[in-house]
Amino acid sequence: MKQTETKVPSILAIDASLTSSGIAITTFSKEIISLHTIKTSAENHIEQRILFVYKTLLKIIEEHNIKLLLIENNYTGGSKEVNWVIGIIYLLAAEKRIPIKSYAPASIKKAVTGNGRANKKEIKLAIQKIYGELKTNEHVRDALGLVHCYCIKKSEVKTE
């Protein structure tokens with residue numbers, strides 16, 4: 001989707017990947033501002049791919065009034081490439097003084113579907129129920145799942 005500057009406080013949710021990172025920018029009330037994917041080619045040197053992801057995320061942060069970054073925690077492993085992208089996200093958060101919230105994959109799935117072991121098809125259907133019919137990929141849906149999880153967790157804290 002085309003980027004436009006955002007003045008309202010926004011959330012940037014990132015399904016981190018060096019090949020294809022899903023990006024969802026929303027308001028704090030889950031209204032979608034922008035959805036897209038940051039793609040890099042394995043034909044390029046790793047340094048160039050990392051720099052491209054960094055510059056693209058920096059541009060997104062600078063064009064939108066990002067007040068919160070959301071990521072899936074990857075503490076149980078994952079590829080080194082995903083960890084590099086997560087490092088980029090933490091670096092940008094520190095540079096721009098933006099807080100980060102991270103959630104376990106099972107927590108995200110449970111918030112979105114009610115089942116912490118949901119498969120991709122179940123997640124797709126649940127995201128469609130939450131956000132409507134979207135022409136997007138699983139990476140962007142995963143980023144939207146992060147936003148939904150954040151909103152669920154935030155409301156749970158308020159009601160306790």
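This report describes a sheet and a pair of helices in a predicted model.

## The sheet

The model contains an open sheet built from 5 strands, and the pairing within this sheet is mixed. Read across the sheet, the strands follow the order β3-β2-β1-β4-β5. As general background, the strands of a sheet pair through backbone hydrogen bonds, in either a parallel or an antiparallel sense.

Two strands form the edges: β3, which covers 32-39, and β5, which covers 100-103. Each of these edge strands pairs on one side only. From one strand to the next, the twist averages 20°.

## The pairing of β4 with β5

Strand β4 spans residues 65-72 and pairs with β5 in the parallel sense. This pairing extends over 4 bridges. One residue pair can be named here: Glu72 has Tyr103 of β5 as its bridge partner.

## The crossing of α3 and α4

Helix α3 comprises residues 105-113, and helix α4 comprises residues 120-131. Their axes come within 9 Å and cross at roughly 50°. The two helices, α3 and α4, are therefore oblique to each other. The crossing in which α3 passes α4 is left-handed.

On the α3 side, the contact is made by Lys109, Val112 and Thr113. On the α4 side, the residues in contact are Glu122, Ile123, Ala126, Ile127 and Ile130. Sorted by class, the contact of α3 with α4 has 5 nonpolar residues, 1 polar residue and 2 charged residues.

Technical notes. Residues are numbered from 1 along each chain as its sequence is written. This is a predicted model: local features need pLDDT of at least 70, side-chain atom pairs count only at pLDDT 80 or more; totals for chains, interfaces and linings use all residues. Side-chain values use heavy atoms; hydrogens and water are left out. Two strands pair if DSSP finds at least two bridges between them. Axes are lines fitted to C-alpha atoms, for helices over the stretch in contact, and angles run from 0 to 180 degrees between N-to-C directions. Angles under 35 degrees count as roughly parallel, over 145 as roughly antiparallel, 65 to 115 as roughly perpendicular and the rest as oblique. A crossing is left-handed if the near helix is turned anticlockwise from the far one by less than a right angle, and right-handed if clockwise. Contact means heavy atoms within 4.5 Å. Ala, Val, Leu, Ile, Met, Phe, Trp, Tyr, Cys and Pro count as nonpolar, Asp, Glu, Lys and Arg as charged, and the others, Gly among them, as polar.
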